[in-house]
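This briefing describes a predicted model, grouped by topic for use at the bench. Please consult the sequence and the structure shown below while reading.

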Amino acid sequence: MLVEDGKLCAVVDFGSSAIGDPACDLVIAWTEFYGESRQAFRDAISLDEHSWARARGWALWKALIVASGHDGNQREAEKSWRVINEVLADHTNS
């Protein structure tokens, strides 16, 4: 929120601040690929380490939302815990 002369003058919405960031599209590396296939995907996408670090952040964020279980879908929550563990392992190994 931006205030000018003690009054609210604008609200900045950062909800779409990642538009155009290829890291958002890399979440699939953890949600759909495993082991060697994940590495093959990563090798085929020529992006820098910073993009992959942001991608891990996106994957973690999305998985944590689902793992919280608010929608009651246990199968998806279990998949999200797998994603969380693999993202953390990838972070540790990078």
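How many salt bridges are counted in this predicted model? The count comes to six. The points below treat these pairs, then the nonpolar core, the largest pocket and a few individual positions.

**Salt bridges**

- R54 and D21 meet through their side chains in a salt bridge, with a distance of 2.9 Å from N to O.
- This pair links distant parts of the chain, since R54 belongs to helix α3 and D21 to the loop between β2 (7-10) and α1, 33 residues apart.
- The two partners differ in burial class: R54 is partly exposed, with a relative accessible area of 35%, whereas D21 is buried, with a relative accessible area of 16%.
- A salt bridge also joins R38 and E86, whose closest N and O atoms are 2.2 Å apart.
- R38 is part of helix α2 (residues 35-44) and E86 is part of helix α4, so this pair ties together parts of the chain that are 48 residues apart in sequence.
- R38 counts as buried because its relative accessibility, 11%, falls under the 20% limit for that class.
- R38, R82, E86 and D90 are joined into one network by salt bridges that share partners.
- E49 and R42 form a salt bridge as well, and their closest N and O atoms are 2.8 Å apart.
- R42 has a relative accessibility of 22% and therefore counts as partly exposed.

**Nonpolar core**

- The largest nonpolar core contains 14 residues, and W30, W52, A55, A59 and V83 are those with the most contacts inside it.
- Three helices, α1 (28-31), α3 (49-67) and α4 (74-93), each supply at least two residues of this core.
- Which helix gives the largest share of this core? The answer is α3, with five residues.
- A59, one of the core residues with the most contacts, touches V27, W30, V83 and V87 when residues up to four places away in sequence are not counted.
- W30 and V83 therefore appear twice in this account, as contacts of A59 and among the core residues with the most contacts, a listing that rests on buried side chains within 4.5 Å.

**Largest pocket**

- The largest pocket has a volume of about 170 Å³.
- The residues that line this pocket are A29, W30, G35, R38, Q39, R42, E49, W52, R56, D90, N93 and S94.
- Helices α1, α2, α3 and α4 each supply at least two residues of the lining, and the largest share, four residues, comes from α2.
- By class, the lining has three nonpolar, four polar and five charged residues.
- Several lining residues also appear under the other topics: R42 and E49 line the pocket and form a salt bridge with each other.
- R38 and D90 likewise line the pocket, and both belong to the salt-bridge network.
- W30 and W52 are also in the lining, and both are among the core residues with the most contacts.

**Individual positions**

- D5 has a positive phi of about 55° although this residue is not a glycine.
- D5 is located in the loop between β1 (2-4) and β2, and D5 is exposed, with a relative accessible area of 74%.
- V12 is placed in the loop between β2 and α1 and counts as partly exposed, at 42% relative accessibility.
- V12 and M1 are 11 residues apart along the chain, and their C-alpha atoms are separated by 6.1 Å.
- Is H50 in helix α3 buried or exposed? With a relative accessibility of 61%, H50 counts as exposed, because the exposed class begins over 50%.
- The C-alpha atoms of H50 and A23 are separated by 8.8 Å, and the two residues are 27 residues apart along the chain.
- W81 is found in helix α4 and counts as partly exposed, at 45% relative accessibility.
- From C-alpha to C-alpha, W81 and L60 are 9.5 Å apart in space, while they are 21 residues apart in sequence.

Technical notes: Residues are numbered from 1 along each chain as its sequence is written. This is a predicted model: local features need pLDDT of at least 70, side-chain atom pairs count only at pLDDT 80 or more; totals for chains, interfaces and linings use all residues. Side-chain values use heavy atoms; hydrogens and water are left out. Buried means under 20% relative accessible area, exposed over 50%, partly exposed in between (1.4 Å probe, protein chains only). Contact means heavy atoms within 4.5 Å. A salt bridge is a side-chain nitrogen of Lys or Arg within 4 Å of a carboxyl oxygen of Asp or Glu. On a 1 Å grid over the protein atoms alone, a cavity is a set of points where a 1.4 Å probe fits but cannot get out, and a pocket is an open set with protein on both sides within 12 Å along at least five of seven lines; lining residues have an atom within 4 Å of a point. Grid points are joined across faces, edges and corners, and a volume is the space filled by probe spheres set on the points. Ala, Val, Leu, Ile, Met, Phe, Trp, Tyr, Cys and Pro count as nonpolar, Asp, Glu, Lys and Arg as charged, and the others, Gly among them, as polar.
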